[in-house]
There are 2 protein chains.
Amino acid sequence: GVTEHENYFSREYLSRMSDKRTDSGWLSAKQSSPETVFLLFHNLDPLVTSGPEHMNNSQAKLKLCRLKRDSVGVLLKKSDIVVVFLGVEKQECSSLSSVSKEEDGLIAWFALNVEENPSEILKIEDSHSFFLQGPMPTLLMLNEDEGGIIAQARSVLAWHSRYSFCPTCGGKTKVAEGGYKRTCLTEGCKSLLGIHSTCYPRVDPVVIMLVIHPDGNQCLLGRKKTFPPGMFSCLAGFIEPGETIENAVRREVMEESGVTVGPVRYVSCQPWPMPSSLMIGCISVAVSTDIKVDKDEIEEARWFTRQQVIDAIVKSSKAVLTMPPRQAIAHYLVKHWTCLNSNL
Amino acid sequence: GVTEHENYFSREYLSRMSDKRTDSGWLSAKQSSPETVFLLFHNLDPLVTSGPEHMNNSQAKLKLCRLKRDSVGVLLKKSDIVVVFLGVEKQECSSLSSVSKEEDGLIAWFALNVEENPSEILKIEDSHSFFLQGPMPTLLMLNEDEGGIIAQARSVLAWHSRYSFCPTCGGKTKVAEGGYKRTCLTEGCKSLLGIHSTCYPRVDPVVIMLVIHPDGNQCLLGRKKTFPPGMFSCLAGFIEPGETIENAVRREVMEESGVTVGPVRYVSCQPWPMPSSLMIGCISVAVSTDIKVDKDEIEEARWFTRQQVIDAIVKSSKAVLTMPPRQAIAHYLVKHWTCLNSNL
Ligand SMILES: Nc1ncnc2c1ncn2[C@@H]1O[C@H](COP(=O)(O)O)[C@@H](O)[C@H]1O
Ligand SMILES: Nc1ncnc2c1ncn2[C@@H]1O[C@H](COP(=O)(O)O)[C@@H](O)[C@H]1O
Ligand SMILES: [Mg+2]
Ligand SMILES: [Mg+2]
Ligand SMILES: [Mg+2]
Ligand SMILES: [Mg+2]
Ligand SMILES: [Mg+2]
Ligand SMILES: [Mg+2]
Ligand SMILES: [Zn+2]
Ligand SMILES: [Zn+2]
């Protein structure tokens, strides 16, 4: 049977409706509609609220501020502002459904990023609202629906903030297609002939893997110097050009720990919008066990027994390590393994 | 059990030895070593040979020219040439092994790309050599080892040819780390603070999927206007920022064919160096069957029975469609499905 685990940052709360990105009339009508929802970011930090009135139906401590046209109108008029069309509420989720005043019944969402703190010029009525400093670990404090929205919005906005010039000629670019394209303004630039990746947001595929000991009862975890004391996680690394997922797993594990990996199996993936990675989670089986860490990247790597990671997951007082939070795919990969047979 | 299918473009013939990328002394020693192998590209087309002397052990009609220091010396001296370190021959593959004259016994490979036709200035003795015009379908004519080498070399070289300017400030960049990094030359550029994707080669994750009919006995294939008459293939599309593999499969199938997909399962992946994609191959199950194609992207999409695709795979005279070549992961996905039980 096929079961799909849903990680944090993975939920599709909105329908992206990519066909509307080229419909500038529709986009601008939605931007002036009173139903439309705007999310505001300041240097990629989202405006959130901790107001008690938002907390009734949610376990999350924070909630994205859903601004309306009148609050952001002054920003939309600025010429240098990047506005990204996120999608529309799915019919079954829509807060308005049949009572919508929209002609097509679709509630659109947009995201805006500003570099200067906009609090002065904005009319935001919610006194509990603030820009959530992060990204980590604060971005993990939203609910699952909002985690998915943030993953999309923050990745695209981060691309705009780093890719405003054409990498092919160095010239200026203009935003197009609802924020999903940047077109070079230099006449005759090679990037304007044919279709080129330079115009589109970047997604960096990363492998993240749990390596199982040949005895089937231990797994390999490592720690970076920057981790809190005692915390260990799965090894991970960027997939390189011309490389498969499986070969990237074997290469990164060898580079970072000196361990040779044989079979690799895909388990689950997670968008990681810091700035725009796709974490491809795998489980793999070691065929050697001696550890030799790459000290540039990893401070320590160690084999832990199944019982040791179970103690860490349940936060037992006996635990000899701590684990990344449940919102991280590393946590899920370890937990998933603890439920498998000892030989995978 | 875990079995891994090896697609064309996927073989790791070389060991990348990424730790050597920052060892400029080692890299320049290898560039002046007589054992080192250089691959030459002209506008991303590789220099190959069809000479009969190369054909003895190979089914492939073409072979990459393995140039030596003396043939490319004049190019290496040019200041604007991009040289990419590909890796070293694995000990078990190395043509020299114990009789190597290298101090460390490692045979290094590099790739070079030139924009002007270098035939005039080069000393290439092989009269059967030429730049293989392509990329498609000619790049599929190499053997499996060379397919893997080309996947890496062409992706990185294509990145250099499109990303010579800093996307953050528009300034010039210089090549670093054996061709795996471009560093901005503008003092104070934001890209120099911290680690940013702008400095590293791009890999674009793409989903490619076989969609199975709810009856378990048909699959959905589509054709682009640019396909040869009668050819159908799997639907495919770029993974977007903030999206999982599984959600991208469902979104692209819906966009391109109007079919709703339920469960998705990862099968196998393939680097696709045109210019630098990673094709993530999935099999998925439809929960609706009416087709409504997106005419911008797809000319036609249709359900084909298992027998119809088997006829196409074996190139039967009864075949009502043709399929992509065996080197394409689309071919493998279809073939893989024909061997599965009707309910996955
Ligand atoms: N797209 C990218 N973004 C950031 N760092 C990258 C990227 N590609 C390669 N790197 C390098 O990969 C290192 C992290 O190693 P790893 O995650 O193990 O592959 C970084 O310090 C960078 O030097
Ligand atoms: N990295 C990229 N490279 C090329 N085209 C892209 C990229 N990202 C998005 N696209 C767009 O995706 C279209 C192809 O659609 P699809 O492959 O179905 O996603 C292209 O025509 C581009 O408009
Ligand atoms: Mg790493
Ligand atoms: Mg690494
Ligand atoms: Mg790496
Ligand atoms: Mg497509
Ligand atoms: Mg598409
Ligand atoms: Mg697409
Ligand atoms: Zn340009
Ligand atoms: Zn710069």
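Mentor: Let's start with how we compare two copies: they are superposed by least squares on the C-alpha atoms of residues with pLDDT of at least 70 in both. What you see is a predicted model, where local features need pLDDT of at least 70, side-chain atom pairs count only at pLDDT 80 or more, and totals for chains, interfaces and linings use all residues. As for labels, residues are numbered from 1 along each chain as its sequence is written, chains are lettered from A and ligands numbered from 1 in the order in which they are written, and side-chain values use heavy atoms, with hydrogens and water left out.

Trainee: OK, what turn and what shift lay chain A on chain B?

Mentor: A turn of 180° with a shift of 0.0 Å along the axis does it, and the RMSD is 0.0 Å. That is how a two-fold axis relates its copies, so we can use that name here.

Trainee: Which C-alpha of chain A is nearest the axis?

Mentor: In chain A it's the C-alpha of A:Gly170, 2.0 Å from the axis.

Trainee: And how do you know that the same surface serves both copies?

Mentor: Look at the contact residues of chain A, where contact means heavy atoms within 4.5 Å: 100% of them recur in chain B.

Trainee: Let's take chain A by itself. How many helices and strands does it have?

Mentor: Six helices and 15 strands. Both are DSSP runs numbered from the N terminus: a helix is H or I with at least four residues, and a strand is E with at least two.

Trainee: How do you know that the radius of gyration of chain A agrees with a compact globule?

Mentor: The radius is taken over C-alpha atoms, and the globule rule is 2.2 Å times the number of residues to the power 0.38. For 344 residues the expected value is near 20 Å, and chain A comes out at 23 Å, so the two agree. The C-alpha trace spans about 60 × 55 × 40 Å along its principal axes.

Trainee: What share of chain A counts as buried?

Mentor: 58% of its 344 residues. The cut-offs: buried is under 20% relative accessible area, exposed is over 50%, and partly exposed is in between (1.4 Å probe, protein chains only).

Trainee: How far apart in sequence are the residues that touch?

Mentor: Take the contacts in chain A between residues at least 6 apart in sequence: 70% of those join residues at least 24 apart.

Trainee: Now single residues. What makes B:Phe9 a buried residue?

Mentor: Its relative accessible area is 0%, which is under the 20% limit, so B:Phe9 is called buried. B:Phe9 is in the segment before β1 (14-15) of chain B, and its phi is near 75°, a positive value in a residue other than glycine.

Trainee: And why is B:Glu177 called partly exposed?

Mentor: B:Glu177 has 28% relative accessibility, between the 20% and 50% limits, so that label fits. Its phi is also positive, near 50°, and B:Glu177 belongs to the loop between β8 (173-176) and β9 (181-184) of chain B.

Trainee: What about A:Ser288, buried or partly exposed?

Mentor: Partly exposed, because its relative accessibility is 23% and the buried class stops under 20%. A:Ser288 is in the loop between β14 (277-286) and β15 (300-305) of chain A. Neighbours within four places aside, its contacts are A:Gly258, A:Val259, A:Thr260 and A:Trp303. A:Val259 is 29 residues away along the chain, yet the two C-alpha atoms are separated by 5.7 Å.

Trainee: What makes helix α6 of chain B "mostly covered"?

Mentor: Eight of the 10 residues in α6 (329-338) are buried; among them are B:His331, B:Tyr332 and B:Trp337. The buried ones pack against several elements of chain B, including β13 (261-272) and α5 (306-313).

Trainee: Last one: what kind of peptide bond joins A:Met136 and A:Pro137?

Mentor: A cis one, with omega about -5°. A:Pro137 is in the loop between β7 (129-131) and α3 (144-162) of chain A. In chain B, a cis bond joins B:Met136 and B:Pro137 too, again with omega about -5°. The loop between β7 and α3 of chain B also holds B:Met141, which counts as partly exposed because its relative accessible area is 33%.
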